[in-house]
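Biologist: Before we discuss any labels, could you put the model up, so that we can go through what each term rests on?

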Amino acid sequence: MTDIATIAARLDAAARDARAIQQITGQEGELALSDAYDIQRAVIDHRLARGAALVGVKMGFTSEAKMVQMGLKDQIWGRLTSDMVVQNGGVLDRARFIHPRVEPEVAVRLKAPLTGEVTYEEALAAVEAVAPALEIIDSRYENFRFALGDVVADNASSSAFVVGAWLPADTDVADVPMVMSVDGAVVETGTSAAILGDPIRSLVAAARLAGAAGLTLQPSWTVMLGGATAAAAIGLARAVSLDAGHLGRVGFTVAGSAA
Ligand code: 0L1
Ligand code: MG
């Protein structure tokens, strides 16, 4: 395999230039999961060197349907950086993305560190606030196609995220109706129960997976707990919104055109 630093530089450039590249696995053969996570960390190190801060993590493949589709038994995770934040009601610059998709999620903000094997109760006790959220995923690979190692190296496709108003930690997030609309038309409906049966289970998994990589989830960090429905292509859309029942609403507008 070409060395980790070279692949990470290639992925970082693809994200910065909004220009798709070939899958790593297509060019280099198999990619071990541990190497893929090392590449992911090296990609993020490029952003941190440019002044971004680590502000949380995201969970991926948290639905039974996505795990079956990918032949997986576990979730994947990626890192959230400050340059990925889009304010609720803010503007997403379309030119920064290759072929973006959006998915409805639940986010939590932590008030205590969390790492390794934790119980559901311990995970919940570390939560300061919960919110409805939208994740913008944008694979850096051509045609949004990848094998597991590719997508892990590519920060689990994460590219931007929008968090709604924070609510108290005891707000029930287990079975929240989610209705996502693009340009005013409903495109996806579902429930937060699709996130591992209960999004807090995804926080348990985030602590375990990040902990295995030597990372402790930090107070004030945001954890994006996973998609409640399939992702929708943003395409030429100008507005995306999520109605998450008692969690409230979150949304953004889209400006500009593809690079
Ligand atoms: O957040 C997600 O569940 C997506 C994980 C990465 C796979 C994809 O790009 O669909
Ligand atoms: Mg997601």
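Biologist: Why does Ser157 count as buried or exposed, whichever it is?

Modeller: Buried means under 20% relative accessible area, exposed over 50% and partly exposed in between, with a 1.4 Å probe and protein chains only. Ser157 has 4% relative accessibility, so Ser157 counts as buried. As for the source, this is a predicted model, in which local features need pLDDT of at least 70 and side-chain atom pairs count only at pLDDT 80 or more, while totals for chains, interfaces and linings use all residues. Residues are numbered from 1 along each chain as its sequence is written, chains are lettered from A and ligands numbered from 1 in the order in which they are written, and side-chain values use heavy atoms, with hydrogens and water left out.

Biologist: What is the phi of Ser157, and where does Ser157 lie?

Modeller: Ser157 has a positive phi of about 65°, although this residue is not a glycine. Ser157 lies in the loop between helix 6 (148–153) and strand 6 (158–163), where helices (H or I, at least four residues) and strands (E, at least two) are DSSP runs numbered from the N terminus. Ala18 likewise is not a glycine and has a positive phi, of about 50°, and Ala18 is found in the loop between helix 1 and helix 2 (24–28). With a relative accessible area of 13%, Ala18 is buried.

Biologist: What makes a residue a donor of the magnesium ion (ligand 2), and which residues are its protein donors?

Modeller: Donors are N, O and S atoms within 2.8 Å of the metal (3.2 Å for Na, K and Ca), and since water is not among the atoms, sites may look incomplete. The protein donors of the magnesium ion (ligand 2) are Glu103 (OE), Glu105 (OE) and Glu135 (OE), at 1.9 to 2.0 Å from the ion, so these distances fall within the 2.8 Å limit. Along the chain, the donors follow the spacing E-x1-E-x29-E. Glu103 lies in strand 4 (residues 101–110) and Glu135 in strand 5 (residues 127–137), so the pair ties together parts that are 32 residues apart in sequence.

Biologist: How do you know whether Glu103 and Glu135 are buried or exposed?

Modeller: Glu103 has 4% relative accessibility and therefore counts as buried, and Glu135, at 0%, counts as buried too.

Biologist: Why is helix 1 called parallel, perpendicular or oblique to helix 3, whichever applies?

Modeller: Two packed helices are described by the angle between their axes and the distance between the axes. Helix 1 (residues 4–17) and helix 3 (residues 33–49) pack at an angle of about 55°, with their axes 8 Å apart. That makes helix 1 oblique to helix 3, because angles under 35 degrees count as roughly parallel, over 145 as roughly antiparallel, 65 to 115 as roughly perpendicular and the rest as oblique. The axes are lines fitted to C-alpha atoms, for helices over the stretch in contact, and angles run from 0 to 180 degrees between N-to-C directions.

Biologist: Which residues of helix 1 and helix 3 meet?

Modeller: With contact meaning heavy atoms within 4.5 Å, Ile4, Ile7, Ala8, Ala9, Leu11 and Asp12 in helix 1 meet residues of helix 3 including Asp38, Ile39, Ala42 and Val43. Ile39 in helix 3 is buried at 0% relative accessibility. Leaving out residues up to four places away in sequence, Ile39 touches Ile4, Ile7, Ala8, Leu11, Leu31 and Ala153.

Biologist: What makes Ala231 and Ala233 buried, partly exposed or exposed?

Modeller: Ala231 has 23% relative accessibility and so counts as partly exposed, whereas Ala233, with a relative accessible area of 55%, is exposed. Ala231 is in the loop between strand 10 (222–227) and strand 11 (232–233), and Ala233 is found in strand 11. Not counting residues up to four places away in sequence, Ala231 touches Arg101, Val102, Glu103, Ile137 and Glu188, while Ala233, with neighbours within four places left aside, is in contact with Pro100 and Arg101.

Biologist: How do you know whether Arg249 is buried or exposed?

Modeller: Arg249, found in strand 13 (residues 249–255), has a relative accessible area of 54% and is therefore exposed. The C-alpha atoms of Arg249 and Phe161 are separated by 14 Å, and the two residues are 88 residues apart along the chain.
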